[in-house]
Amino acid sequence: MFQKALFLIHSALRNIKKMNTFMAKKENVKRNWYIVDAKDKILGRMLTTVSRVLQGKHKPEYTPHVDAGDFVIITNASKVKLTGKKMEEKIHYYVTHFQGGLRKRMVGKTLETAPEKVFNRSVRRMLPRSKLGKAMLRKLKIYEGAEHPHQAQQPKELIIRN
């Protein structure tokens with residue numbers, strides 16, 4: 001009796017198909033273009049979604065060692081918002097590589113003069129620290145105003161939840 005039940009279980013398991021793990025290939029990745037209007041959006045919350053899209057984590061065929069992400073265009077970068085008192089109190093440090101060359105600058109002032117630097121720096125730190133991360137960062141296009149030269153790609157609106 002026991003051997004007959006064991007035989008039935010064994011034959012049922014033999015008929016089950018084995019599942020294979022899917023691995024995306026660089027040649028088969030289809031890239032989409034997305035556009036984000038940064039006007040009155042909170043910087044960090046918006047850029048976490050952008051970094052996920054650049055990495056391709058929003059796709060079901062995400063593979064960690066393949067750049068499966070999409071292109072992202074950010075417009076109105078100078079009109080982004082920061083929570084709390086970060087505009088006046090948050091400081092970005094940078095080094096000139098000369099003796100005594102540690103410089104600091106308020107984020108609010110950097111947003112006025114070069115907002116793409118703030119965006120680039122923030123997204124870069126959310127991506128992998130490798131050649132793959134650098135390739136992902138190249139797919140990010142940041143523009144201070146509302147105009148951009150990527151109309152031919154027909155970008156779709158990327159929904160950002162605040």
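Which residues line the largest pocket? In this predicted model, the lining is made up of His92, Tyr94, Arg105, Thr110, Lys117, Val118, Asn120, Arg121, Arg124 and Arg125. Two elements, β3 and α5, give two or more residues each to this lining, and the largest share, five residues, comes from α5. Sorted by class, the lining holds five charged, three polar and two nonpolar residues. The volume of this largest pocket is about 260 Å³.

The second largest pocket, with a volume of about 170 Å³, makes a helpful companion. Its lining consists of Ile42, Leu43, Gly44, Leu82, Thr83, Lys86, Lys90, His92, Val107, Val118, Ser122 and Met126. Here α2 and α5 each supply at least two residues. By class, six of the lining residues are nonpolar, four are polar and two are charged. His92 and Val118 appear in this lining and also in that of the largest pocket. As general background, empty space of this kind is revealed by rolling a probe the size of a water molecule over the atoms.

Helix α5 deserves a paragraph of its own. This helix spans residues 115-124, and its buried residues are Pro115, Val118, Phe119, Ser122 and Val123. These five lie on the same side of α5, because the arc they cover around the axis is only 120°. The general geometry of an α-helix is a useful reminder here: with 3.6 residues a turn, residues three or four places apart point the same way. The cover over the buried residues of α5 includes the helices α2 (43-55), α4 (107-113) and α6 (131-137), together with the strands β2 (71-75), β3 (91-95) and β5 (140-142). Two of the buried residues, Val118 and Ser122, also belong to the lining of the second largest pocket.

Next come the aromatic rings. The structure holds one aromatic pair, formed by Trp33 and Phe71, whose rings are stacked at 4.3 Å centre to centre with 5° between the planes. Trp33 lies in strand β1 (residues 33-37) and Phe71 in strand β2, so the pair ties together parts that are 38 residues apart in sequence. Both partners are under the 20% cut-off for buried residues: Trp33 has a relative accessible area of 16%, and Phe71 has one of 19%.

Phe71 also features in the surroundings of Lys139, a residue that touches Arg31, Leu54, Asp67, Gly69, Asp70, Phe71 and Val72, leaving aside residues up to four places away in sequence. Lys139 is placed in the loop between α6 and β5 and counts as buried, at 4% relative accessibility. From Lys139 to Leu47 the C-alpha to C-alpha separation is 14 Å, while the two are 92 residues apart in sequence.

Finally, the backbone offers two residues worth a look. In general, most residues other than glycine have a negative phi. Asn76, although not a glycine, has a positive phi of about 55°, and Gln154, likewise not a glycine, has a positive phi of about 50°. Are these two residues buried or exposed? Asn76, found in the loop between β2 and α3 (86-89), is buried at 7% relative accessibility. Gln154, in the loop between β5 and β6 (156-157), is exposed, with a relative accessible area of 65%.

Definitions and conventions:
Residues are numbered from 1 along each chain as its sequence is written. This is a predicted model: local features need pLDDT of at least 70, side-chain atom pairs count only at pLDDT 80 or more; totals for chains, interfaces and linings use all residues. Side-chain values use heavy atoms; hydrogens and water are left out. Buried means under 20% relative accessible area, exposed over 50%, partly exposed in between (1.4 Å probe, protein chains only). Helices (H or I, at least four residues) and strands (E, at least two) are DSSP runs, numbered from the N terminus. The arc is that of the directions from the helix axis to the C-beta atoms. Contact means heavy atoms within 4.5 Å. Rings of Phe, Tyr and Trp (its six-membered ring) pair if their centres lie within 6.5 Å; planes under 30 degrees apart count as stacked, over 60 as edge-to-face and the rest as tilted. On a 1 Å grid over the protein atoms alone, a cavity is a set of points where a 1.4 Å probe fits but cannot get out, and a pocket is an open set with protein on both sides within 12 Å along at least five of seven lines; lining residues have an atom within 4 Å of a point. Grid points are joined across faces, edges and corners, and a volume is the space filled by probe spheres set on the points. Ala, Val, Leu, Ile, Met, Phe, Trp, Tyr, Cys and Pro count as nonpolar, Asp, Glu, Lys and Arg as charged, and the others, Gly among them, as polar.
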